[in-house]
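Colleague: I am new to this protein and would like a close look at a single part of it, the annotated active site. Could you take me through its surroundings with care?

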Amino acid sequence: EVYFKNLSKQKQKEVMEKNGNNHKLRVCVATCNRADYSKLAPIMFGIKAEPQFFELDVVVLGSHLIDDYGNTYRMIEQDDFDIHTRLHTIVRGEDEAAMVESVGLALVKLPDVLNRLKPDIMIVHGDRFDALALATSAALMNIRILHIEGGEVSGTIDDSIRHAITKLAHYHVCCTRSAEQHLIAMCEDHDRILLAGCPSYDKLLSAKNKDYMSIIRMWLGEDVKTRDYIVALQHPVTTDIKHSIKMFELTLDALISFNKRTLVLFPNVDAGSKEMVRVMRKKGIEHHPNFRAVKHVPFDQFIQLVAHAGCMIGNSSCGVREVGAFGTPVINLGTRQTGRETGENVLHVRDADTQDKILHALQLQFGKQYPCSKIYGDGNAVPRILKFLKSIDLKEPLQKKFCFPPVKDNISQDIDHILETQSALAVDLGGTNLRVAIVSMKGEIVKKYTQLNPKTYEDRLELILKMCVEAASEAVNVNCRILGVGISTGGRVNPREGIVLHSTKLIQEWSCVDLRTPISDALHLPVWVDNDGNCAALAERKFGHGKGVENFVTLITGTGIGGGIVHQHELIHGSSFCAAELGHIVVSLDGPECLCGSQGCIEAYASGIALQREAKKLHDDDLLLVEGMSMKKEEIVSAAHLIQAAKLGNTKAESILRTAGTALGLGVVNILHTVNPSLVILSGVLANHYVNAVKDVINQQALSSVKTVDVVVSNLADPALLGAASLVLDYTTRRIY
């Protein structure tokens with residue numbers, strides 16, 4: 001890590017020497033509307049905060065300067081940025097011809113501005129027609145272009161404009177792995193692509209805890225409660241204006257019928273927006289008691305409004321991108337965002353002939369709370385972008401180079417641009433210790449933290465949050481991108497809701513505990529929770545002997561006995577989440593009492609607790625220690641002493657272990673006759689002591705059709721943490737959003 005940091009500093013030093021020791025990078029940021037400013041503002045603040053490296057010029061054009069759209073240039077002034085130039089470039093008319101004329105007007109006015117500013121680099125955002133004019137002007141005037149949010153896929157003409165700007169741009173900052181792959185497929189130079197995440201997430205992920213009730217009341221009224229209102233934001237689709245206006249009418253009808261307080265934002269300046277405003281006025285939205293219609297909401301306040309809304313509806317990219325950071329339900333209407341990556345909080349209504357389909361979607365989504373999604377960013381985009389800007393060598397040739405197929409491998413060979421490893425935060429809640437680890441996609445434990453597991457619920461949850469926050473912060477330093485949090489815990493778990501239903505006796509105060517909500521809220525990450533036995537099976541499926549095996553069973557032999565069943569490549573949970581409680585298979589009607597209250601369970605014979613109980617009995621009768629063994633007076637008798645005594649020839653210890661192995665073997669035979677797996681994996685500290693006994697019992701007791709089953713000992717060093725990581729890595733990499 002130190003080596004990488006020193007190398008990075010050295011490269012930046014070399015770049016500054018090449019560019020001239022006293023030369024600051026002159027950066028021109030051009031913003032056209034309220035939406036792109038929300039993405040550009042965090043970068044502008046970052047540039048302004050480092051005057052020793054950068055000079056910032058701000059150019060404002062487009063709908064920022066139109067009264068009907070809120071004169072949003074004022075929020076740039078309120079953020080204390082000096083606006084160098086204001087360019088009135090919008091030709092009114094709000095139709096296709098007006099958009100073309102606006103591009104032409106911008107192309108006429110921009111050359112004079114760029115000649116005066118002479119920037120080293122221009123930062124252009126997104127896919128608007130104004131941005132195309134900016135990129136065209138800069139490219140023809142030999143000014144380097146950094147394009148933000150290239151490579152993404154959506155509906156309408158925006159796709160074509162976005163990809164056209166990509167071809168003009170010299171450098172690219174993208175938000176998702178898929179966008180990066182699209183840029184590479186478009187023959188862009190991989191060394192000039194930065195996967196940074198969305199800059200707006202740097203602000204989003206620190207915003208939710210601010211005072212929000214005053215903001216909600218200001219925009220929606222004094223009587224409105226959180227999660228009990230709707231935010232609506234719908235724009236025209238320029239490739240099918242007539243249909244998008246019809247969809248807007250149906251949306252308003254559905255919202256009127258749904259009868260909830262709704263904040264409606266005016267559409268953008270695209271062709272068709274004038275007709276949409278007419279529809280709003282025709283339906284009396286501006287005077288309806290349930291509606292508040294506004295031209296503009298400052299981004300800081302807009303964040304709070306969508307974060308605490310019962311639902312957002314419309315076709316804005318904000319709905320499928322930024323709102324996922326809060327887990328707010330979203331209804332995405334029409335085709336404008338087709339192709340965008342979305343979290344599970346987004347419900348799509350691709351087409352609607354009546355208001356009923358939209359109304360049904362509102363009934364399904366309103367008031368729900370989803371896990372927070374970080375598909376588009378992790379809150380660290382701006383530091384990455386600033387580092388990328390500092391690495392630009394102005395002495396390099398300006399002419400772009402395209403990397404035609406075969407495409408370079410997606411891992412950069414430039415040590416300064418090593419891409420972060422997709423990773424998970426894994427949490428293991430054991431009876432004694434609480435462990436948190438950063439686990440890579442390949443199953444490497446990059447960093448691990450261990451603390452004693454507190455006895456009370458409050459202290460335990462506080463420690464989990466503290467350790468996870470610490471690990472998530474460290475992940476940035478070790479080049480890891482955290483995709484989510486996976487939690488392995490003892491007891492019965494509802495993985496759909498992320499709730500521990502009933503705990504084992506080893507973990508106190510751990511029943512009816514919602515783990516997903518507080519951890520997801522604190523980290524702004526999706527959270528998955530499952531039983532430790534199920535997690536062990538998932539670890540084997542992804543990293544161990546179970547990889548590629550369709551049907552197998554994992555048995556954990558440790559303090560207790562647990563396990564997981566994988567059938568047709570999927571984990572079995574059961575109707576009440578009680579499947580695979582393998583330790584409580586009864587193998588004797590009059591056997592020893594189990595911690596569950598029953599008698600004759602496998603766990604009562606073969607668990608570490610059971611062996612410790614038998615070892616204490618032998619020790620109390622002076623029958624445990626044999627020649628070659630010794631114990632200190634204060635030393636606690638454990639299962640390890642029983643195993644050691646058996647190895648040294650203690651016949652009674654040997655008999656106890658033989659009985660334990662037989663009990664475990666009988667349980668495995670029952671499993672074979674029930675689910676018929678092709679593989680049984682023994683995991684845990686006692687697995688090596690039981691494997692031969694289990695094989696013997698199968699040969700003696702099992703039906704001939706299942707005797708061919710393979711019984712192996714796990715080769716995974718830490719199945720609990722790897723299994724918790726698998727909850728995240730399996731879900732996030734196989735799901736098609």
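Modeller: In this predicted model, once the neighbours within four places in sequence are set aside, the residues in contact with D532 are S488, T489, G490 and I556. D532 itself is placed in helix α18, which covers residues 532-543, and the UniProt annotation "active site", taken from an unreviewed entry, covers this residue. Its relative accessibility is 30%, and because the partly exposed class runs between 20% and 50%, D532 counts as partly exposed. The side chain of D532 also makes a polar contact, at 3.5 Å, with the side chain of N531.

N531 leads on to another annotated position, since E581, with its neighbours within four places in sequence left aside, is in contact with N531 and with G491. E581 lies in the loop between β24 (570-571) and α19 (602-606), and with a relative accessible area of 29% this residue is partly exposed. Both D532 and E581 appear in the UniProt feature "binding site", again from an unreviewed entry, which also lists R492, T504, H584 and E603.

Elsewhere in the chain, for orientation, strand β25 (residues 679-683) pairs with strand β26 (residues 710-713) in the parallel sense over four bridges, and among the partners D710 in β26 is bridged to L679. Together with helix α23, residues 687-701, these two strands make a right-handed β-α-β unit.

Technical notes
Residues numbered from 1 in each chain as written. Predicted model: local features only at pLDDT ≥ 70, side-chain atom pairs only at ≥ 80, totals over all residues. Heavy atoms only, no water. UniProt positions renumbered as here; feature names shortened; annotations may be inferred. Buried < 20%, exposed > 50% of the residue type's maximum accessible area, 1.4 Å probe, protein only. Contact = heavy atoms within 4.5 Å. Polar contact = N/O pair within 3.5 Å; in protein donor to acceptor, adjacent residues only side chain to side chain. Pairing = 2+ DSSP bridges. Right-handed = clockwise from strand over helix to strand, strands pointing away.
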